[in-house]
Number of protein chains: 2
Amino acid sequence: MWLSPRLFALPVKASEKFAKYASFNPTPLSLKTLSAFGKDPTADIVQSTRFLKSELPVRFANILQELHLLPKKLLETPSASLVTSLYEESFLDLIDFEEKGLTAKDCDDFLVFLDKSFSRHGTVVEMMAAGVMEMRERHGEDPVVNNQLQYFLDRLFLMRISIRMLESQHLLVFGPELNKHHRFVGCIDQHCNVVHILRDAYDDAKLLCDHYYADSPEMNVSLVNDDDEKFILVDVNGVIELVYVPSHLYHILFELLKNAMRAVVEKGRLVNKDEFPPIQVLVVSGKHNVTIKLSDLGGGFPRSLNDQLFRYTYSTGGSRTGKTESPFSPSAGYAPIAGYGYGLPLSRLYARYLHGDLTLSGMEGHGTDAYVYLMRREADADEFLPVFNRTSARRYESVGIPIDDWIHRSPSHDSQQQASEGSPRAS
Amino acid sequence: MWLSPRLFALPVKASEKFAKYASFNPTPLSLKTLSAFGKDPTADIVQSTRFLKSELPVRFANILQELHLLPKKLLETPSASLVTSLYEESFLDLIDFEEKGLTAKDCDDFLVFLDKSFSRHGTVVEMMAAGVMEMRERHGEDPVVNNQLQYFLDRLFLMRISIRMLESQHLLVFGPELNKHHRFVGCIDQHCNVVHILRDAYDDAKLLCDHYYADSPEMNVSLVNDDDEKFILVDVNGVIELVYVPSHLYHILFELLKNAMRAVVEKGRLVNKDEFPPIQVLVVSGKHNVTIKLSDLGGGFPRSLNDQLFRYTYSTGGSRTGKTESPFSPSAGYAPIAGYGYGLPLSRLYARYLHGDLTLSGMEGHGTDAYVYLMRREADADEFLPVFNRTSARRYESVGIPIDDWIHRSPSHDSQQQASEGSPRAS
C-alpha cells in the first residue's frame, strides 16, 4: 500500500487504521434504506452516528488509495496537493472518533465534524480542475495521464457525491436545523415532482441565457404515464413523481437546459433568426425507469465528439460548440464548473450515483436529444460506488497506452509505404 | 503462436506463411480509395488481384489467430469446428496463389477462387450462432466465455464484412457479370439515396409484419439538409445522398424497422388499439455525418437492457420485448439471424465498419429512438478492422472475470451481515 508522506509520517496506529479501512468495501445504500431510516421514529442519532463512524472512513480510505496513485506531476501541483490533504485531514478526524463513545456529547461533536467536513470539501471539484490545468501548463499534454485522470475523476467525484449525501442526510435529519418539510427525509423528497424541478432549472438557465444573449428559447413539457397503457403523446394534466434527491436532479437538468439554450441561441444567430424553436421535454414514467428526454434544435454535434463531451481533459472551453470562450465561462463570474467543461461528466455522475444514467444523441446539422434515466422505485435506486482493489490499482500503472486492438485509419493517410503489404508490428 | 491441429500438420512452409501474414496489420481502405480504384479506367484486374493476394491472407490470418484462442468447449462443437476449417481452407487456398503469377489465366483462377470463397463463407454467422447454442446445451452458461464471445464475435463478423466487401468489389468490377449501373462502382453506390433505401427496407419489413400480424404501422420520413443553415423540421422535396454500400444500409434499416414495427404492433395489441402511431424517421445531412433517427411508440425498454440488446449471448429469443418465442423466429422460416438475436449487433457492425455507429435510446413505457450514424464524406468512411496483437490476445486468457472496480448492490440484498461494517475482500 502506498502512503503519502503525510500519512506515512503518522503514528503507526493511524497508518494501520488506514490499511484496515482501505481493505473494506464501501456499503452501498438504496434510497429506500436511506429514507426508511430517516422516517423511522425509533431511529436515533446514535444509530446513524455509529453507522457513519464506520462507513465514512471506508469511503475516504478507498478513494485516498487511488488519489495516492496519481502521477506525481499532478499530485505536486498546489491545488491537487491541497485536495489530498483535505481528504487525509477528514480521514484522520474520523478515526479520532473511533476512540470516542456514543454519548450525547460525542454525537454532538460528530455533528460538528460533519458540518466542518461538508464545508471543507465544498470546492474539491474546482480545486481538482485547477490542479489539472496547473499540471498541463507546466508539463503539457500527456494522453496516458489524461486517461488515468478520466478514470480517477469519475471515481473521486462520485465518491464525493456519496459522502456528501450521507453527511447531509445525517445533518438534516439530526442536526440543529430540523427539516421543516414533512415531505422531505433529509435531502430526499418523497414526492419529487419532475416537472417542478424542470421549471426551476429552466427559469434559472433562462435567467443566465437572457443575461448573455438578451433572449432565450421556450420550453415545452409533455408527460407520459405508462400506467395508462395506451399510445399517448401529450398529457398536460398528469403528474410524475418519484422518490429522489431534488438537488441532484436540478443539477442535471440545469446543465442540460443551459447547454440546449446556448446551442439554440447560437444557431439562431448563425441563421439570423429571432424566433427560436422551443426546447421539447418529454417525461416518461415506466415500470423501472423515469426517463426525461430533452430535445433541442441547436445544430447537434458530430458523432465523433460524443465521448469527448464527457471528458474532463477535453477542451479549454469545453462547450458543446467547441468554442474556447464560452459565454458561461468563469471569467464572466457565472457557473465556474461549466467553464471547466465539467458540467456534463458531473451531471452524468449525479445520474449514475443512484443507478440512473445520462446519454446524448447528437444529430449534426440539426439538434441534440439528451436522455436522463432515473430508477422509478426507491428500492432500485442503489448507490453506485467506486471500490479500490486490484482492478482499479492496475489502471494507475504507467504502462503507457495499450496497443489498440482495432485499426481504423489507412496507413496511406500517414505514409504511402506498405499500403498494400500491411505493416509489420512488434509482437 | 497457437496453431490448430490442421494448420500445425501442414508442411512447414504453410505454417511459416501463416506466422508471416498473422504478423502484418490489415490495411484499412476508405470508400473513396475503393471507388476511385473501381472508377479508374487505367486500373485493371492485375493490380486488384495483386492487392487482394497480399491483403486477404492478412485479414484471414489475423482473425484465425483469435479463432484459435477460443475456449475448447466452443471450438469442439461441430458448427464452430466447421467455421474454423472454412477459414483455414480459404487461407490455404490464398497462399497457393503466392506461387502463381498474374497472367490472364492466374487472374481468372483468382476470380473463381473469390467466387467460391464468397459462397463458402455465406452462412458463417448462422454457423457460429449454432456453435454457441451447441456449447450452451452441453456445458451450460459461462459468463467468462460469454464475455470472450462477445468480444470475438464482434471482431469475426466485422472482419467477415470487410473480407466480403473486398471480394465482391473485385468480383463486381472485374468479374464476368459486369456491373450495369453506371452509378455503381462494384457494390458502392455513388449516389446512395437514403430515402429510397428506407422505402425498400420499410416495404420488406411491412410484408413480414403484415404476414404475422395482418397489420403494420406507417412510416413518415422527414429530411434536414444542414446546407440550408436554418431551423427546419420537414423537407419533403429534398434529397439526401451519400457514397455508401446500399446493401449494408438496407440491412441496418430493415432490422431497425422490423424491430420498431413489432414493438408498435405488440403494444397495440396490449392496449387494444387498431390504429398504430406511425414510425417517424428523420434523416439529417450535416458536415461530417448523415444521421438517421427512427422513432417508434412501441413501449421502449428499460435502460438496464440497453447493453443486453447488443449481446450475442443474450436471449434465447433475443427480441426487444424479451419474449422467448419471437414472431420473426427461425421456426417460422423467416429471418433466421433475427431469431438468434444477432440482428442488432450485426447491424451495429455494418454501421461501424465504415466508421459510423448505431445506438438505441429506449424510453421505457413509451417508445424507442434508434440513431444510425454514417460518414457523409467517402474519404472519412474508413474501414474499421480488428487487429490481432498482445491487447487482443489478452482478452482470451482464462483469468476469469476481473474483480469489479465498482460496487452497486447493497450487501443487505444478499445478507444482512456486515451491512454497516463493509465487507472485507481479498486483495
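Two strands count as a pair here if DSSP finds at least two bridges between them. With that in hand, let's look at this predicted model, starting where its two chains share a sheet.

Strand 9 of chain A, residues 385-386, pairs with strand 10 of chain B, residues 406-407. The pairing runs in the antiparallel sense, over two bridges. To see one of the partners, go to A:Pro386: its bridge partner in strand 10 of chain B is B:Trp406.

Now for the wider contact between the chains. Chain A brings 85 residues to it, and chain B brings 86 residues. Together they bury about 7,400 Å², with 55% of that area on carbon and sulfur atoms. On the polar side, there are 29 residue pairs in polar contact between chain A and chain B, both residues being at pLDDT 80 or more. Salt bridges between the two chains come to six. One to look up is B:Arg155 with A:Asp405, whose side chains meet at 3.7 Å, N to O.

Which strand of chain A gives the most to the side that touches chain B? That's strand 7, residues 357-363, with five residues. As for the make-up of that side of chain A, here is how its residues divide:

| Class of residue | Residues on the side of chain A that touches chain B |
|---|---|
| Nonpolar | 35 residues |
| Polar | 27 residues |
| Charged | 23 residues |

How do the two copies relate to each other? A turn of 180° with a shift of 0.0 Å along the axis lays chain A on chain B, at an RMSD of 0.0 Å. That is the relation of a two-fold axis. If you want to find the axis from chain A, head for A:Ser361: its C-alpha is the nearest one in that chain, 4.3 Å away. The interface fits this picture too: 100% of the interface residues of chain A are also interface residues in chain B, so the copies meet through the same surface.

Finally, a sheet within chain A. This one is open and has three strands in the order 1-2-4, with antiparallel pairing. Strand 1 (184-185) and strand 4 (241-244) are its edge strands, each pairing on one side only. Strand 1 joins strand 2, residues 188-193, in the antiparallel sense over two bridges. For a residue to click on, take A:Phe184, whose bridge partner in strand 2 of chain A is A:Asp189.

How values were computed: Residues are numbered from 1 along each chain as its sequence is written. Chains are lettered from A and ligands numbered from 1 in the order in which they are written. This is a predicted model: local features need pLDDT of at least 70, side-chain atom pairs count only at pLDDT 80 or more; totals for chains, interfaces and linings use all residues. Side-chain values use heavy atoms; hydrogens and water are left out. Contact means heavy atoms within 4.5 Å. Buried area is the accessible area (1.4 Å probe) that two parts lose on being put together, summed over both. A salt bridge is a side-chain nitrogen of Lys or Arg within 4 Å of a carboxyl oxygen of Asp or Glu. A polar contact is a pair of N or O atoms within 3.5 Å; within protein, one must be able to donate a hydrogen and the other to accept it, and residues adjacent in sequence count only if both atoms are side-chain atoms. Helices (H or I, at least four residues) and strands (E, at least two) are DSSP runs, numbered from the N terminus. Ala, Val, Leu, Ile, Met, Phe, Trp, Tyr, Cys and Pro count as nonpolar, Asp, Glu, Lys and Arg as charged, and the others, Gly among them, as polar. Copies are superposed by least squares on the C-alpha atoms of residues with pLDDT of at least 70 in both.
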